[in-house]
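Visitor: Hey, got a minute to walk me through this one? I'd like to hear about the helix packing and then the ligand site.

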Amino acid sequence: MTFTEIIETFKTKLNPSKIMDSLEKTASFYDESDKDFGEDDSGEDLKNNPYSNSASDSVKSSGLTRITRDEKEPLIKLTDVWKIYQMGEVEFAALKGINLEIYEGEFLVVLGPSGSGKSTLMNLLGCLDIPSEGTVYLNSEDISELDESELARIRGQMIGFIFQSFNLIPTLSTEENVLLPLEFQEENREIARKKATYLLDIVGLSEKKHNLPSQLSGGQRQRVAIARSLAVNPPIILADEPTGNLDTKTGDYILEFLDGLHKREGKTIIIVTHDLDLVKYATRVVYIRDGEIEKIETRIKNEPNMN
Ligand SMILES: Nc1ncnc2c1ncn2[C@@H]1O[C@H](COP(=O)(O)OP(=O)(O)OP(=O)(O)O)[C@@H](O)[C@H]1O
């Protein structure tokens with residue numbers, strides 16, 4: 001499939017009129033100090049931050065209501081959430097009555113062993129799935145009853161995904177993969193290109209923009225996935241084992257980058273992992289086991305892990 005065909009398929013599937021009604025106009029969210037992936041940065045594009053023009057009016061015009069902690073309204077709220085998988089006659093409860101409130105600006109790490117329900121929980125937090133029972137609120141909107149096109153609209157506005165299962169599209173170049181969510185939101189082509197160029201520079205991949213994903217290393221692919229997840233400047237970043245297949249150095253870069261987004265841009269970061277080392281970045285850690293929350297721990301960020 002060509003780039004244009006892929007865009008058209010997405011648009012047809014996901015009801016563009018609804019998406020157009022609620023376009024996020026993108027806010028300023030980087031400055032030069034975010035340039036964490038140094039090696040192959042050209043630096044040229046950082047002088048012209050394409051996200052900076054709309055800084056003052058972006059949130060107002062976006063249709064998104066930014067909830068502050070003062071208002072004490074959670075950005076995401078799960079109330080007695082169950083996820084039951086049906087396998088023929090047999091039912092399996094992967095989540096059993098989860099209650100969780102996540103506030104804007106948190107760095108939440110969801111920690112649990114294999115099979116504990118982390119990915120199932122992530123799919124609900126990311127509006128990729130709806131609960132079997134219970135309620136999921138995003139920005140005070142109950143997503144449990146929404147259809148797929150409405151869920152897609154909310155995802156497009158609110159959430160950037162860094163999922164291993166969210167593969168890059170193999171037939172598209174690095175640049176086209178980053179352009180995808182922008183084109184999908186019918187961003188002006190020229191501005192979209194500037195944003196893609198800017199983001200690829202931020203993650204240190206300017207020189208690889210014409211490469212296909214298969215011509216990149218695992219770490220580089222993950223960096224493209226990060227650039228793509230940030231393209232529409234979502235307030236929430238969801239990452240499923242973001243360092244899973246990476247060497248320590250690249251994994252650390254990615255975590256430091258997410259940490260920077262949290263500290264400097266106030267992004268809400270949610271990571272699910274079984275890696276205890278990631279706890280040091282968290283403001284709260286949710287321990288999950290057998291589909292239930294075992295405990296929730298509030299932390300002072302960047303404290304050494306005491307476990
Ligand atoms: N589509 C499905 N149908 C049936 N059972 C499922 C399905 N998806 C997940 N499960 C089961 O639900 C439980 C939780 O799975 P989940 O993928 O959420 O765990 P996880 O904590 O993310 O595991 P891992 O760390 O190994 O990825 C597991 O026992 C799994 O076998």
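Guide: Sure. One definition before we start: axes are lines fitted to C-alpha atoms, for helices over the stretch in contact, and angles run from 0 to 180 degrees between N-to-C directions. Also keep in mind that this is a predicted model.

Visitor: Fine. At what angle do H6 and H8 pack?

Guide: About 25 degrees, with the axes of H6 (residues 174–184) and H8 (residues 218–230) 7 Å apart. Angles under 35 degrees count as roughly parallel, so H6 is roughly parallel to H8.

Visitor: And which hand does the crossing of H6 and H8 have?

Guide: H6 passes H8 in a right-handed crossing.

Visitor: What about H6 and H7, how do their axes cross?

Guide: At roughly 130 degrees, and the axes of H6 and H7 (residues 189–202) come within 9 Å. That angle makes H6 oblique to H7. The crossing of H6 and H7 is right-handed.

Visitor: Then H8 and H9, how far apart are the axes there?

Guide: They are 10 Å apart, and H8 packs against H9 (residues 248–265) at about 15 degrees. H8 is therefore roughly parallel to H9, and their crossing is right-handed.

Visitor: OK, switching to the ligand. Which residues are around the ligand?

Guide: Tyr 85, Met 87, Phe 92 and Ala 94 are among them, and so is the run Pro 113, Ser 114, Gly 115, Ser 116, Gly 117, Lys 118, Ser 119 and Thr 120.

Visitor: Which helix or strand gives the largest share of the shell?

Guide: H4, with 3 residues. H4 (118–125), strand S1 (76–87) and strand S2 (90–102) each supply at least two residues of that shell.

Visitor: How does the shell divide into nonpolar, polar and charged?

Guide: There are 5 nonpolar residues, 6 polar and 1 charged.

Visitor: What lies 2.8 Å from a ligand oxygen?

Guide: A polar side-chain atom of Lys 118 does. A backbone N or O atom of Gly 115 is also 2.8 Å from an oxygen atom of the ligand.

Visitor: And how far is the side chain of Thr 120 from a ligand oxygen?

Guide: An N or O atom in the Thr 120 side chain is 2.6 Å from an oxygen atom of the ligand.

Visitor: How much of the ligand does the protein cover?

Guide: It's 61% of the 630 Å² of accessible area that the ligand has on its own.

Terms used:
Residues are numbered from 1 along each chain as its sequence is written. This is a predicted model: local features need pLDDT of at least 70, side-chain atom pairs count only at pLDDT 80 or more; totals for chains, interfaces and linings use all residues. Side-chain values use heavy atoms; hydrogens and water are left out. A residue is near a molecule or strand if one of its heavy atoms lies within 4 Å of it. A polar contact is a pair of N or O atoms within 3.5 Å; within protein, one must be able to donate a hydrogen and the other to accept it, and residues adjacent in sequence count only if both atoms are side-chain atoms. Accessible areas come from the Shrake-Rupley method with a 1.4 Å probe; for residues, only the protein chains shown count as cover. Helices (H or I, at least four residues) and strands (E, at least two) are DSSP runs, numbered from the N terminus. Ala, Val, Leu, Ile, Met, Phe, Trp, Tyr, Cys and Pro count as nonpolar, Asp, Glu, Lys and Arg as charged, and the others, Gly among them, as polar. Angles under 35 degrees count as roughly parallel, over 145 as roughly antiparallel, 65 to 115 as roughly perpendicular and the rest as oblique. A crossing is left-handed if the near helix is turned anticlockwise from the far one by less than a right angle, and right-handed if clockwise.
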